[in-house]
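Me: I have a model open and want to learn how to read it. Can we go through it step by step?

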Amino acid sequence: MKRCPACAKRFNSVDWQCPACGNEPTKIDGFLAFAPELAYEGNGFRHEYFEELTRLETGNFWFETFVNWIFGVVMKLERIMIRLGVRFPFGGSLLLVARKG
Ligand SMILES: [Zn+2]
């Protein structure tokens, strides 16, 4: 069951186009945005900061080492949980962790 954010009509459909008013949520970067006006606002994060952050992180020895250490700890915890037989609600794990370069 879906509810149209424009006219509040409830409908069942695979896609999000409302059969009553034709409204369809816009997509931002391939994801449905039910409140596109808020997509780039809120919580003090500005999307233009991410480009600068990515530029600063790339090649920074301390940051890459720290991130890889965090990923390593998460991978170890995940292995321990799997060995102990901890079951997740679905699938083998909800975590996907990779080391950066
Ligand atoms: Zn509608």
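**Reading the fold**

Reply: Start with contacts across the chain. In this predicted model, residues 24 or more positions apart account for 15% of the contacts in the protein chain with a separation of 6 or more.

Me: Which elements does the protein chain have, and how do they run from the N terminus on?

Reply: Count, then order. The protein chain has 2 helices and 4 strands. From the N terminus on, the order is β-β-β-β-α-α.

Me: What percentage of the residues of the protein chain count as buried?

Reply: Burial is a count of neighbours: 20 or more other C-beta atoms within 10 Å make a residue buried. Of the 101 residues in the protein chain, 1% reach that status.

Me: How many residues of helix α1 are buried?

Reply: Apply that cut-off to each residue in turn. Helix α1 covers residues 47–57, and of its 11 residues the number buried is 0, so α1 lies largely in the open.

Me: What is the phi of Gly-59, which follows α1?

Reply: Check the sign. The phi of Gly-59 is positive, near 85°.

Me: Now a single residue. Where is Gln-17?

Reply: Place a residue by the elements on either side. Gln-17 sits in the loop between β2 (10–11) and β3 (26–28).

Me: Why does Gln-17 count as partly exposed?

Reply: Partly exposed falls between 12 or fewer neighbours and 20 or more. Gln-17 is partly exposed because it has 14 C-beta neighbours inside 10 Å.

Me: Which residues is Gln-17 in contact with, leaving aside neighbours within four places in sequence?

Reply: Look past the sequence neighbours. Gln-17 then contacts Gly-22 and Glu-24. Cys-4 is 13 residues from Gln-17 in sequence, and their C-alpha atoms are 8.2 Å apart in space.

How values were computed:
Residues are numbered from 1 along each chain as its sequence is written. This is a predicted model: local features need pLDDT of at least 70, side-chain atom pairs count only at pLDDT 80 or more; totals for chains, interfaces and linings use all residues. Two residues are in contact if their C-beta atoms, placed from the backbone, lie within 7 Å.
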